[in-house]
Amino acid sequence: MNAQQSNGPRGRPDFLLLILTLLLVGFGLVMVFSASSNYTLASDAFNRDPLYFTKRQLVWIAAGSFLLLVLMNIPYRRFKTGYVLFFIPAMILLALVPFIGEERNGARSWFGIGTLGIQPTEFAKLALVMYLGAVISKKDERFRDFKHGLLPVTLVIGFVCFLIMLQPDLGSAMVTALFAAVILFAGGANMKHLAVLGLSAAVVITAFVSVSMLMNPGAWSYRTERLTSYLNPLEDELGSGYHLVKSLEALGHGGLTGAGFGHSVQKLKYLPFPYNDFIFSVIAEEFGFIGSVIFLLTYLFFIWRGIIIALRCPDPYGTLVGIGIMSMIGIQAIINIGGVIGAIPITGVTLPLISYGGSSIIVTLAGIGLLLSISREYNRVARLEQEQLSRGVRPDAPRFGSAPVRRR
């Protein structure tokens, strides 16, 4: 990009992505209220406040929206080197949480702050996206070399996933590994190298799990039961299959048009964590098949718009970061929804922008802020190109609409 393209006022952010984000966040807040109000109203633990989780979620949304606005107005290229200021603290917190963090629901994944808490894994995901985008774009064609390109990056990814598994949080580790693989693919990694690394990782994980099961079979009984319940939840309807059975009952009760907003039955202390892991079950029960399809199409349109912005970016760094952010959101959404409808085993990950959760909503909105900053650069260069055309000057900007990633 020449000097003329690098200077001048910034372009406008992509308002379509911003509007879609606001729609999803607003809908998520409404559904958190619907899914949690009866639950908290009937419990002294939440002071019988029907707005207990809604008010907290609103605070997290405000914090995330502030970060979105700040990052949207910072040129994204500054993070190509400045990512270190975010990456190192995120990794330190991620390394400490398995040992000094607060245990919740069988995993030591939180740092408690009064009655609130932060989940370092969520911040580590975004930090990893920024790291991979910076390193891969800097290596350029050297990234295709296995020893000096792909292998060092893969070791960092493996280390991050290992720290997440120590908590243990296998669902988040799976999300991290998958979106990292998408970034490696988009960055031009050699497919043979990726296949070798994938096979090696599978062998290592299988050996680790096998040895762990032999040394301590009791520790793996819960995971085995979870897999069994996924294959046949009715076999232990009141035990290991309870979560999935109640989720499927919610989907069935919703039918074609739904029971109506606020009229979910399964959220009344039948469905576990209806405002968090199983919020899509409440959506399906209250809005039915038609409402669920409309929601999913809106979510897909949001993902598609983010990917288009990433591919239109004239800078490989912006493209890789944008693809990483949207794959992080999209893969987690697929795993969450796939679990609650019984398509895959339940992993306990949240539905981005919709589920209750402070760290998740803050990190997701911060990532979208980075994506909006990327869109401003594309719109700025597009405007310069249009101005050149209006003056009769042949534009020298990159061709838009195609990914600036390397082809195999």
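Phe-301 is partly exposed, with a relative accessible area of 35%. The exercises below start from this residue in a predicted model and work outward.

**Exercise 1. Place Phe-301 in the fold.**
Task: Find which helix holds Phe-301, and which residues distant in sequence it touches.

Solution.
- Step 1. Locate the residue. Phe-301 sits in helix 12, which covers residues 279-312.
- Step 2. Classify its accessibility. The value is 35%. Buried requires under 20% and exposed requires over 50%, so Phe-301 falls in between and is partly exposed.
- Step 3. List its contacts. Setting aside residues up to four places away in sequence, Phe-301 touches Leu-16 and Leu-20.
- Step 4. Compare sequence with space. Phe-301 and Leu-17 are separated by 284 residues in sequence, yet their C-alpha atoms are 9.1 Å apart.

**Exercise 2. Describe the core.**
Task: State how many residues the largest nonpolar core has, and which of them have the most contacts inside it.

Solution.
- Step 1. Count. The largest nonpolar core holds 97 residues.
- Step 2. Name the hubs. Leu-132, Leu-184, Tyr-299, Phe-302 and Leu-351 have the most contacts inside this core.
- Step 3. Find the main contributor. Helix 13 (residues 316-340) supplies the largest share of the core, 13 residues.
- Step 4. Zoom in on one hub. Beyond its neighbours within four places in sequence, Phe-302 contacts Leu-17, Leu-20, Thr-21, Leu-24, Met-326, Ile-329, Leu-353 and Ile-368.

**Exercise 3. Analyse two helix pairs.**
Task: Give the angle and the axis distance for helix 8 with helix 13, and for helix 5 with helix 7. Then sort the contact residues of each pair.

Solution.
- Step 1. Choose the descriptors. Two packed helices are described by the angle between their axes and the distance between the axes.
- Step 2. Take the first pair. The axes of helix 8 (residues 170-186) and helix 13 come within 9 Å and cross at roughly 145 degrees. The crossing is right-handed.
- Step 3. List its residues. Helix 8 contributes Met-174, Val-175, Leu-178, Phe-179, Val-182, Ile-183 and Ala-186. Helix 13 contributes Leu-320, Ile-323, Gly-324, Ser-327, Met-328, Ile-331, Gln-332 and Ile-335.
- Step 4. Sort them. This contact has twelve nonpolar, three polar and no charged residues.
- Step 5. Take the second pair. Helix 5 (residues 84-100) packs on helix 7 (residues 146-165) at about 40 degrees, with axes 9 Å apart.
- Step 6. List its residues. Phe-87, Met-91, Leu-94, Ala-95 and Pro-98 come from helix 5, and Val-156, Val-160, Leu-163 and Ile-164 from helix 7.
- Step 7. Sort them. The contact of helix 5 with helix 7 has nine nonpolar, no polar and no charged residues.

**Exercise 4. Follow Thr-40 to Arg-48.**
Task: Decide whether Thr-40 is buried or exposed, then do the same for Arg-48.

Solution.
- Step 1. Start with Thr-40. This residue is found in helix 2.
- Step 2. Apply the cut-off. Thr-40 has 0% relative accessibility, so it counts as buried.
- Step 3. List its contacts. Leaving out neighbours within four places in sequence, Thr-40 contacts Phe-46, Arg-48, Asp-49, Pro-50, Tyr-52 and Phe-53.
- Step 4. Check a distant partner. Thr-40 and Lys-269 lie 229 residues apart in sequence and 10.0 Å apart in space, C-alpha to C-alpha.
- Step 5. Move to Arg-48. This residue lies in the loop between helix 2 (15-41) and helix 3. At 44% relative accessible area, Arg-48 is partly exposed.
- Step 6. Check its backbone. The phi of Arg-48 is near 50 degrees, a positive value in a residue other than glycine.

**Exercise 5. Check the cysteines and the whole chain.**
Task: State how many disulfides the structure has, and how many helices and strands the chain has.

Solution.
- Step 1. Search for disulfides. The whole structure has zero.
- Step 2. Inspect two cysteines. Cys-161 is buried at 11% relative accessibility. Cys-313 is buried too, at 1%.
- Step 3. Count elements. The protein chain has 14 helices and three strands.
- Step 4. Gauge burial. Of its 408 residues, 50% count as buried.
- Step 5. Gauge contact range. Among contacts between residues at least 6 apart in sequence, 72% join residues at least 24 apart.

Terms used:
Residues numbered from 1 in each chain as written. Predicted model: local features only at pLDDT ≥ 70, side-chain atom pairs only at ≥ 80, totals over all residues. Heavy atoms only, no water. Core = buried A, V, L, I, M, F, W, Y, C linked by side-chain atoms within 4.5 Å. Buried < 20%, exposed > 50% of the residue type's maximum accessible area, 1.4 Å probe, protein only. Helix = DSSP H or I, 4+ residues; strand = E, 2+ residues; numbered from the N terminus. Contact = heavy atoms within 4.5 Å. Disulfide = S-S within 2.5 Å. Axes fitted to C-alpha atoms, helices over the stretch in contact; angles between N-to-C directions. Left-handed = near helix turned anticlockwise from the far one by under 90°. Nonpolar A, V, L, I, M, F, W, Y, C, P; charged D, E, K, R; others polar.
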